[in-house]
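Hi,

Here is the structure I said I would pass on. Have a look at it, and then read on for what turned up.

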Amino acid sequence: MSDALSAIPAAVHRNLSDKLYEKRKNAALDLENAVKALITSGDHDKISKVIYLLIKDFAKSPQANHRKGGLIGLAAVTVGLSSEAAQYLEQIVPPVIRAFFDQDSRVRYYACEALYNIAKVVRGEFIFFFNDIFDALCKLSADSDANVQSAAHLLDRLVKDIVTESDQFSIEEFIPLLKERMNVLNPYVRQFLVGWITVLDSVPDIDMLGFLPDFLDGLFNMLSDSSHEIRQQADSALSEFLQEIKNSPSVDYGRMAEILVQRASSPDEFTRLTAITWINEFVKLGGDQLVRYYADILGAILPCISDKEEKIRVVARETNEELRSIHVEPSDGFDVGAILSVARRQLSSDHEATRIEALNWISTLLNKHRTEVLCFLNDIFDTLLKALSDSSDDVVLLVLEVHAGVAKDPQYFRQLIVFLVHNFRADNSLLERRGALIVRRLCVLLDAERVCRELSTILEGEDNLDFASTMVQALNLILLTSPELAKLRDLLKGSLVSREGKELFVALYASWCHSPMAIISLCLLAQAYQHASVVIQSLVEEDINVKFLVQLDKLIRLLETPIFTYLRLQLLEPGRYTWLLKTLYGLLMLLPQQSAAFKILRTRLKTVPTYSFSGGGQISRASSGVPFSQYIHHREDGGAEDNNINNSHQGINFAARLQQFENVQNQHRGQTRNKVNYSYNTSSSSASKEVRRSEDQQQQQQHKPPPSSTSLSVADNNRPPSRSSRKAPGQLQL
C-alpha cells in the first residue's frame with residue numbers, strides 16, 4: 001500500500017476526493033502521468049496497487065465525492081495505460097459498472113463518463129464485459145435524472161460502434177439478455193432495446209433473423225405503445241425483418257407463426273393489422289413448414305374477416321383464400337380434425353362473415369377430404385344443426401349445402417332428416433322462421449321427392465300429434481307454393497294415371513293424414529276429387545275449429561293462383577268434373593258466410609258454366625236454377641275417379657286411404673278430448689273450492705241481522721243486468 005501511496009502524490013490523493021470537479025480533474029491528469037511513468041519503468045505491480053487503492057479508498061467509499069474521484073481516477077489510469085490497459089480491465093471495469101447503480105445521480109453520471117473514456121481506450125477488449133454493460137445501460141436508459149440519461153446515451157452509441165466493428169461479439173449470449181427485457185413497459189427501455197435490435201440487424205456478420213422468434217413477440221408488443229415514436233420504431237424494425245424473411249431461404253416459420261396467431265387477436269388495431277399481414281406472407285412463403293400450424297392460423301384469420309377495420313378485413317380475406325387454395329394431404333401432416341374444430345368454434349361467432357367463412361371451410365374440406373371429414377362428423381353435426389337456427393339466411397343456406405354434401409351418402413341422409421325433424425319439434429320457432437327455407441333448399445340440393453318421402457315416413461310415426469299436424473301443414477304449404485317443387489306437383493297431378501305419381505301420392509298421404517286440410521289439398525293437387533269430397537263429408541264438428549278455418553282460408557286463396565290454373569279450367573266442364581264441383585261446394589259450406597274466403601270461392605263458383613253432358617254425350621244447357629244434385633250423379637270422364645269409393649283406381653285403394661285418414665283423425669280427436677277433460681277437471685276442482693268457500697261465508701253470515709228491504713231494493717236497482725236478463729233479437733225475456 002505504501003508503494004501505491006508513494007506513486008500517488010499526497011496532493012493528488014487529496015484532490016481526487018475534493019468536492020470541486022476541476023480539482024478532481026486536475027488530480028486525474030496528474031494520476032494519468034504517474035501511471036504513464038510506471039508503464040515506462042515497467043512497474044506493473046505498482047500499477048495494480050494503485051488501481052486497488054483507487055477502488056478501496058475511493059470507489060467503495062461511503063463519501064460521494066470520494067466515489068466520484070475513484071471513478072475519474074480509474075478512467076485516468078486506463079488512459080495512462082493506453083495499449084497496456086487490457087490486462088487490467090478485470091480490475092478496473094467491475095467497480096465502474098457497480099457505480100451505475102449508485103444512489104447518487106452524480107456518481108451514476110461520472111460512472112458513465114468514466115466507462116466512456118475507458119471504452120475509447122480499450123475498444124474491442126471491452127466486449128468481454130458487454131453483457132454486464134448492456135444490463136447497466138438498459139437500466140440507465142430509464143434513469144430519473146436527465147443528465148444521467150444523456151450520459152448513458154453517449155456511452156450507448158460508443159458501445160454500439162465497438163460491437164459493430166468487433167469480431168468477438170457473441171449474439172448467442174446476447175439474445176437471452178434481450179429476450180428477458182423485451183416485455184418491459186418503460187418507453188425509454190423500449191427505445192433502447194429497439195435501437196440495439198436495429199443496429200445488430202444491420203451488421204452483416206450477425207444473424208439476427210435466426211433469433212427473431214426469441215424477441216418477435218416483444219416487438220409486436222411495442223406496436224401498441226402509447227408513444228408514437230416507439231410504435232414507429234418497432235414497425236420499422238418489423239418491416240425490415242419481414243423483407244429479410246422474403247429474401248431468406250431458411251426461416252423458422254413455425255415458432256413465429258405461433259406468436260403471430262396470438263397477436264392477431266390483440267385489442268390493438270395496428271398490432272392486429274401487422275400480425276395478419278405477416279401471416280399473409282407466411283402462408284405464401286411457409287410451405288411445408290406451416291402445415292401443422294394451419295389450424296391455428298385459420299383460428300386467427302376467421303375472426304379478422306369480421307374486423308371493424310377494413311384494411312384488416314381485406315388482408316384476412318386474401319389470406320383465407322390463399323390458405324384454402326393450398327393443396328395438401330393428411331399424409332403431409334394436414335390435420336383435418338383440427339381445421340374442423342376451428343371452423344366449428346367459429347360457427348358460434350357473433351359476426352356473420354366469420355360464420356360464413358367457417359362453413360365454406362367445412363364445405364371445402366368435405367369436397368377435398370370427404371372420408372376424413374365423415375370420421376369427425378359426430379363432432380360437428382350438432383353444431384351444424386344448431387346453425388340452422390342462425391339469424392342470417394346466408395348462413396342457413398350454407399349450412400344446408402354442407403348438410404346436403406354429407407347426406408349424399410344414404411346412411412347420413414336419413415340421419416339428417418331425423419335430426420331436422422327433431423330440431424323442428426324442439427324449436428317450434430325454427431319451423432316458423434326457417435322451415436320453408438330449409439325444406440326448399442334441401443329439395444334443390446338433394447332429390448325433392450326423396451326429401452318429401454323421407455319427411456313423410458318420419459312424420460307418419462310421430463308421437464307428438466300436435467307437432468305432426470303443424471309440420472304437415474307447413475310441408476303442405478311448401479308443396480303447393482314452392483317453385484322448387486314444381487316437378488313434384490306435376491308428378492302428383494298424374495297420380496291417377498301414372499305409377500310414379502300414385503306411389504308418391506300414397507307415400508305422402510300417410511303423414512298428410514295428420515291435417516284434414518293437407519289431405520284435401522293433396523287430393524286437389526292429385527285430381528282425386530271424389531276422394532276429396534268424401535274426406536270433407538267425413539269431417540265432424542270437432543274438426544271445424546279456428547286452425548282448420550285458417551288453413552281453409554289459405555287454400556281458397558291458393559286456388560286463385562297459377563298453381564291451380566288447371567283446376568279452374570276444369571270448371572269449364574262441370575259435367576266431366578262433377579266431383580270437383582261437389583268438393584268446392586263442400587268447402588264453401590264449411591266457410592263462414594261473412595268471411596273473405598267464402599266470397600272468393602262463391603264468386604268463382606258463380607262463373608261455372610250452367611251446362612252439363614247429357615247421357616248421349618251431347619252438351620245440354622241447364623238452367624241457373626238446376627240443383628247441385630243433378631251434377632253429383634255423373635261419372636267423371638277420362639282421368640276421373642269412380643263413383644264407388646270402395647273401388648281402387650290405378651292401384652290406389654281409396655277406401656283404405658279413407659280408413660287410414662279417419663284412424664289418424666280419431667287419434668287427434670282423442671287427444672283433444674283428453675286435453676279438454678283435463679282442463680275441465682282442473683277448473684272444476686277450482687270451482688268446488690270456490691263453492692265451499694262461499695258456503696262457509698254464508699254460514700258465517702246467518703248469525704248477522706238481515707239487511708232492510710230498502711237497502712235491498714237500492715242494491716237491485718244499482719246492479720247491472722245479467723247476461724241472461726239482456727234481451728237479444730229473437731229471444732224471450734225470462
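Let me start with one residue and work outwards. Threonine 383 lies in helix H21, which runs over residues 377–386. Is threonine 383 buried or partly exposed? At 21% relative accessibility threonine 383 counts as partly exposed, because buried would require a value under 20%. Setting aside residues up to four places away in sequence, threonine 383 touches Arg344 and Leu347. The second of these partners, leucine 347, is 36 residues away in sequence, yet the two C-alpha atoms are 7.7 Å apart in space.

Before going further, please keep in mind that this is a predicted model, so read everything below as a description of that model.

Now the overall picture. The protein has 734 residues, and 48% of them count as buried. It holds 37 helices and 4 strands. If you take the contacts with a separation of 6 or more, 71% of them are between residues 24 or more positions apart.

Next, the core. Nonpolar side chains tend to be buried together in soluble globular proteins. Here the largest nonpolar core has 235 residues. Which residues have the most contacts inside this core? They are Met208, Phe215, Leu219, Trp278 and Phe564. The core draws at least three residues from each of two domains: domain 1 (1–169) and domain 2 (447–453 + 462–607 + 654–670). Tryptophan 278 is a good one to click on. Leaving aside neighbours within four places in sequence, tryptophan 278 is in contact with Leu212, Leu216, Phe220, Leu238, Phe241, Leu242, Ile245 and Leu260.

A couple of helices are worth a look as well. Helix H8 (residues 130–140) is mostly covered, with 8 of its 11 residues buried. Those buried residues are Phe130, Ile133, Phe134, Asp135, Ala136, Leu137, Cys138 and Leu140. What covers them includes helix H6 (89–98), helix H7 (105–122), helix H9 (146–164), helix H10 (171–181) and helix H11 (187–201).

H10 has buried residues of its own: Ile171, Phe174, Ile175, Leu177, Leu178 and Arg181. H8, H11 and helix H12 (212–222) are among what covers them. Arginine 181 in H10 makes the link to H8 easy to see. Its relative accessible area is 12%, so arginine 181 counts as buried, the limit being under 20%. Apart from neighbours within four places in sequence, arginine 181 is in contact with Phe134, Asp135, Cys138 and Leu193. Phe134, Asp135 and Cys138 are also among the buried residues of H8.

Another buried residue to find is leucine 366, in helix H19 (residues 352–368). Leucine 366 has a relative accessible area of 5%. Not counting residues up to four places away in sequence, leucine 366 touches Val373, Val402, Gly405 and Val406. Valine 406 is 40 residues away along the chain, and the C-alpha atoms of leucine 366 and valine 406 are separated by 7.7 Å.

Then there are the cavities. How many cavities of 30 Å³ or more does the structure hold? There are 3. I looked at the second largest cavity, which contains about 50 Å³ of space. Its lining is made up of Ile556, Leu559, Glu560, Leu567, Arg568, Leu571, Leu584, Ile600, Leu601 and Arg604. By type, the lining residues divide into 7 nonpolar, no polar and 3 charged. Helix H32 (565–570) and helix H34 (596–606) each supply at least two of the lining residues, and the largest share, 3 residues, comes from H34.

Finally, two backbone angles. Most residues other than glycine have a negative phi. Serine 82 has a positive phi of about 55° although it is not a glycine. Serine 82 sits in the loop between helix H5 (64–81) and H6, and is partly exposed, with a relative accessible area of 41%. Glutamine 527 also has a positive phi, near 60°. The place to find glutamine 527 is the loop between helix H29 (516–526) and helix H30 (529–538).

Happy browsing!

Methods. Residues numbered from 1 in each chain as written. Predicted model: local features only at pLDDT ≥ 70, side-chain atom pairs only at ≥ 80, totals over all residues. Heavy atoms only, no water. Core = buried A, V, L, I, M, F, W, Y, C linked by side-chain atoms within 4.5 Å. Buried < 20%, exposed > 50% of the residue type's maximum accessible area, 1.4 Å probe, protein only. Domains from an automatic or database assignment. Contact = heavy atoms within 4.5 Å. 1 Å grid on protein atoms, 1.4 Å probe; cavity = no way out; pocket = protein on both sides within 12 Å on 5 of 7 lines; lining within 4 Å. Points joined across faces, edges and corners; volume = space filled by probe spheres on them. Nonpolar A, V, L, I, M, F, W, Y, C, P; charged D, E, K, R; others polar.
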